[in-house]
Amino acid sequence: MTATRKGEGQTALVTGASAGIRVDLAECFASDGYNVILTARTESALREVADRLAKTYQVTATPIAADLGAIGGGRTLAGEITKRGLSVDVLVNNAGYGQAGAFNGSDAATQLGMIDLNDRALVELTHIYWPAMMANKRGGVLNVASTAAFQPGPLMAIYYASKAFVLSFSEALWEEARGTGVKISCLCPGPTVSKFRERAGTGKTRLSQAGTPMPSMTVARMGYDAWQANKRVEITGTRNRITASLVRFLPRTTVLRLVRNLQSPI
Ligand SMILES: NC(=O)c1ccc[n+]([C@@H]2O[C@H](COP(=O)([O-])OP(=O)(O)OC[C@H]3O[C@@H](n4cnc5c(N)ncnc54)[C@H](OP(=O)(O)O)[C@@H]3O)[C@@H](O)[C@H]2O)c1
C-alpha cells in the first residue's frame, strides 16, 4: 500500500456497518486508504467486518457497538469516538430501516423508531461533525436515502417520508457547502440485495416482483464515487433514474395510486 491513496490519514464513520450496503460502503472507503469506524448494534458482526477490512486494506478499522435508534444515540457514539482518541473526517449516514403496511393499525414504536434512526440520528451525527468539516474545508457526508424519497408512499408512508427528509436535508447542505471543499452526496438506491426486505416486509409486495435487486457492492460503489465527485444526488440504475424524473411530471393523484399499487401485497 502506498501513501498515494485518497483517504490516507482520514477516517470515515460508517453507521450500521454490520450488514448490507454499509459493509460495502465501508469497504469502498477502506480500499482507498481511509481508516474506518464501523457502528451498528451487533458487536460480533462489526468485529468480523473490521478485522477483514483492516487485514485486507492495511487501515485501522474500529468497531463500536451503538444503538442509533435510541434518543441521544448519536451523541453517545460521538462521545465514545472521542474517548478513543479518534476523529471523523467523513460521515456515512447509512443506518435505516423500513416497514411495509398501512399506517392504520401499525405499531407506533416501529413507526417512530424509523424516524429516530432514519432522520433524527442522521441529523444528530451530521450536526456534531459538520462544523469541523466546514472549518477544515475537507471531508463531508454521504447520506443514504432511497428512490422512495421522490414521492409519497401509501402503504409505507413513514419510510417514504423519512427518506424524502434525507434527500431534502442533503440537497440543502450541498448548497450550503458549495465552494468550501466539503462534499455531500445523497445516495438513492432502488431495491438492493440486503437484509432490508426481510425486516421491512417489502418482499411480499408487488414492487418486489417488478425487477431484480441490484448487488449491494454496485450500489455502494456508485455512492462512494458520487461522494468523491461531490455529486448532489446519485440514483442507482437507469430505470430508477427515469422513474424518479417521470414522477415530477405526473399528476400527484396518479403517482399516489401507482405507488399504492406497487406497495400492495402480492
Ligand atoms: N436494501 C434496499 O433495497 C434499500 C433500498 C433503498 C434504500 N435503502 C437504504 O439503505 C440503507 C442501508 O440498508 P441495507 O439495505 O443495507 O439494510 P440491512 O441489510 O437491513 O442492514 C441494516 C444495518 O443497519 C443496522 N441497524 C439497524 N438498526 C440500527 C440501530 N438502531 N442502530 C444502529 N444500527 C442499526 C444493522 O445492524 P444491527 O442490526 O446490528 O444494528 C445493519 O448493519 C438504509 O438506510 C435503507 O433505508 C435500502
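Is Cys28 buried or exposed? The points below take up this cysteine, then the ligand.

1. This is a predicted model. In it, Cys28 is buried, with a relative accessible area of 1%. Cys188 is buried as well, and its relative accessible area is 0%.

2. No disulfides turn up when the whole structure is searched. For a pair of cysteine sulfur atoms to count as a disulfide, they must lie within 2.5 Å. The cysteine sulfur closest to that of Cys28 belongs to Cys186 and is 17 Å away, so the gap is too far for a bond. Cys186 also holds the closest cysteine sulfur to that of Cys188; the distance there is 4.1 Å, which is again too far for a bond.

3. Which residues come nearest to the ligand? There are 30 residues around the ligand, and the nearest of them are Gly16, Arg22, Thr42, Tyr159 and Ser194. Sorted by class, this shell has 13 nonpolar, 11 polar and six charged residues.

4. Three helices each supply at least two residues of the shell: helix 1 (21-31), helix 5 (157-177) and helix 6 (196-200).

5. Some side chains place a polar atom by the ligand. For Thr42, such an atom lies 2.4 Å from a ligand oxygen atom. For Tyr159, the partner is also an oxygen atom of the ligand, at 2.7 Å. Asp67 has a polar side-chain atom 2.8 Å from a nitrogen atom of the ligand. As for cover, the ligand taken alone exposes 900 Å², and the protein buries 93% of that.

Technical notes: Residues are numbered from 1 along each chain as its sequence is written. This is a predicted model: local features need pLDDT of at least 70, side-chain atom pairs count only at pLDDT 80 or more; totals for chains, interfaces and linings use all residues. Side-chain values use heavy atoms; hydrogens and water are left out. Buried means under 20% relative accessible area, exposed over 50%, partly exposed in between (1.4 Å probe, protein chains only). A residue is near a molecule or strand if one of its heavy atoms lies within 4 Å of it. A polar contact is a pair of N or O atoms within 3.5 Å; within protein, one must be able to donate a hydrogen and the other to accept it, and residues adjacent in sequence count only if both atoms are side-chain atoms. Accessible areas come from the Shrake-Rupley method with a 1.4 Å probe; for residues, only the protein chains shown count as cover. Helices (H or I, at least four residues) and strands (E, at least two) are DSSP runs, numbered from the N terminus. Ala, Val, Leu, Ile, Met, Phe, Trp, Tyr, Cys and Pro count as nonpolar, Asp, Glu, Lys and Arg as charged, and the others, Gly among them, as polar.
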